[in-house]
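Here are my notes on the model you sent over. Have the structure open while you go through them.

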Amino acid sequence: MNCIRVTVAFCLFMLTDQTFAQQKLMLIAHRGGVVDSTYTENGLPALKKAAAEGYAMIETDVRVTKDGILFANHDADFKRYYHVDKKVTDLNWSEISQLKSALDGNVPMKLEDVFQFCQKNKMSVMLDNKIAGLDTVLFNQLLKMLDKYQLRKTALMIGTDESTAFFTGKIKLSCTRQQLEENMKRPDYQPEHYFFFERPAKLTKDDVDWADKNRILLVAAINKFHYRKSVDLMNDAGEDCKRMLEIGVTGFQVDSEFSPFLH
């Protein structure tokens with residue numbers, strides 16, 4: 001997997017005269033690292049594996065405990081990996097920190113520990129905000145934490161409708177092309193406030209050229225969820241990866257099973 005090591009990944013975030021098509025691939029490890037039948041999502045073993053394989057970024061899911069601790073967990077409960085049928089918002093961190101994954105013994109990670117790991121390993125972060133509502137105190141805490149580990153400048157966020165206005169201009173937010181074209185009409189629009197995030201089925205060469213022309217980072221999502229109805233998941237994902245590379249996509253949020261298609 002050394003072929004996916006990205007030595008200039010963060011250049012994708014800089015506004016220079018180079019086009020994104022001239023950059024090397026930027027691979028973002030979906031759901032907290034290299035996740036397969038042996039690694040727990042958003043777990044330390046998965047993070048270590050992603051760092052070893054040279055991913056430029058980690059996509060991690062942001063949730064909050066009952067007592068206000070930010071931590072990384074995709075699901076709204078702990079059933080899938082920890083076999084505990086309780087919602088994340090019903091437990092304090094002292095209870096959550098005692099859980100162990102039946103898969104690899106992983107203990108849920110505080111978001112700060114994820115950030116510390118990424119800083120140490122020269123990786124950036126994509127955040128999937130799964131916190132309901134508009135908690136500005138909590139969101140400011142999140143931004144301060146990103147600043148503490150020098151991650152905010154290169155961070156990406158998949159936001160929520162409730163939090164979009166708060167985070168606009170503070171972190172790069174995901175948008176469809178339609179949303180971006182609407183945002184361009186705003187007097188305070190700046191391309192560095194957003195990134196174009198879309199699944200391959202909806203991406204065309206025109207989209208890639210449009211994003212490049214408008215200096216907007218484009219990231220294609222190659223995720224198993226998008227292929228849940230596929231008869232041949234690996235074949236369909238492989239074909240999508242091939243087409244994305246052919247039309248000039250360089251940024252990918254990807255499940256680790258599909259990363260070999262992005263050589």
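**Notes on the predicted model**

1. Starting in the middle of things: leaving out residues up to four places away in sequence, Leu146 touches Phe115, Val125, Leu127, Leu151, Arg152, Ala155 and Ile171. Contact here means heavy atoms within 4.5 Å.

2. Some ground rules. This is a predicted model, where local features need pLDDT of at least 70, side-chain atom pairs count only at pLDDT 80 or more, and totals for chains, interfaces and linings use all residues. Residues are numbered from 1 along each chain as its sequence is written, and side-chain values use heavy atoms, with hydrogens and water left out.

3. On confidence: pLDDT is the predictor's confidence in each residue, from 0 to 100. The chain has a mean pLDDT of 91, and 91% of its residues reach 70 or more. Residues 1-22 are the part to be wary of, since their pLDDT is below 50. That stretch still has 58 contacts in the model beyond near neighbours in sequence. Where pLDDT is low, the predicted coordinates should not be read in detail.

4. Overall dimensions. A compact globule of 263 residues would have a radius of gyration near 18 Å, and the chain agrees, with 18 Å. The radius is taken over C-alpha atoms, and the globule rule is 2.2 Å times the number of residues to the power 0.38. Along its principal axes the C-alpha trace spans about 50 × 45 × 35 Å. The chain holds nine helices and 12 strands; these are DSSP runs numbered from the N terminus, with helices (H or I) of at least four residues and strands (E) of at least two.

5. Burial and surface. Of the 263 residues, 51% count as buried, where buried means under 20% relative accessible area, exposed over 50%, and partly exposed in between (1.4 Å probe, protein chains only). The chain exposes about 12,600 Å², with carbon and sulfur atoms supplying 50% of it; the areas come from the Shrake-Rupley method with a 1.4 Å probe. Among contacts with a separation of 6 or more, 62% join residues 24 or more positions apart.

6. Back to the core. A nonpolar core is a set of buried Ala, Val, Leu, Ile, Met, Phe, Trp, Tyr and Cys residues joined through side-chain atoms within 4.5 Å. The largest has 59 residues, and Leu70, Phe115, Leu127, Leu146 and Phe167 touch the most other members. Helix H5 (residues 136-148) gives the most to this core, with six residues. A second, separate core has 12 residues, including Met26, Met57, Phe195 and Phe197.

7. Which residues of helix H4 (residues 111-120) are buried? They are Leu111, Val114, Phe115, Phe117 and Cys118. Seen down the axis of H4, these fall within an arc of 160°, so they line one face of the helix; the arc is that of the directions from the helix axis to the C-beta atoms. The buried residues of H4 pack against helix H1 (44-52), strand E2 (57-64), strand E3 (70-72), strand E6 (109-110), strand E7 (124-129) and H5.

8. Backbone angles worth a look. Most residues other than glycine have a negative phi. Lys122, just after H4, takes a positive phi of about 55°. Arg31 has a positive phi near 60°, and Asn42 one of about 55°. Arg31 is in the loop between strand E1 (26-29) and H1, and Asn42 is in the loop between E1 and H1 too. Arg31 counts as buried at 19% relative accessibility, and Asn42 counts as buried at 4%.

9. Asp207 lies in helix H8 (residues 205-213) and counts as buried, at 8% relative accessibility. Leaving aside neighbours within four places in sequence, Asp207 is in contact with Arg177, Phe196, Lys202 and Leu218. Asp207 and Leu218 are 11 residues apart in sequence, with 8.9 Å from C-alpha to C-alpha.

10. Finally, two loop positions. Gln150, in the loop between H5 and strand E8 (156-158), counts as exposed at 67% relative accessibility. Its C-alpha is separated by 9.9 Å from that of Cys118, 32 residues apart along the chain. Gly169, in the loop between helix H6 (164-167) and strand E9 (172-175), is partly exposed, with a relative accessible area of 42%.
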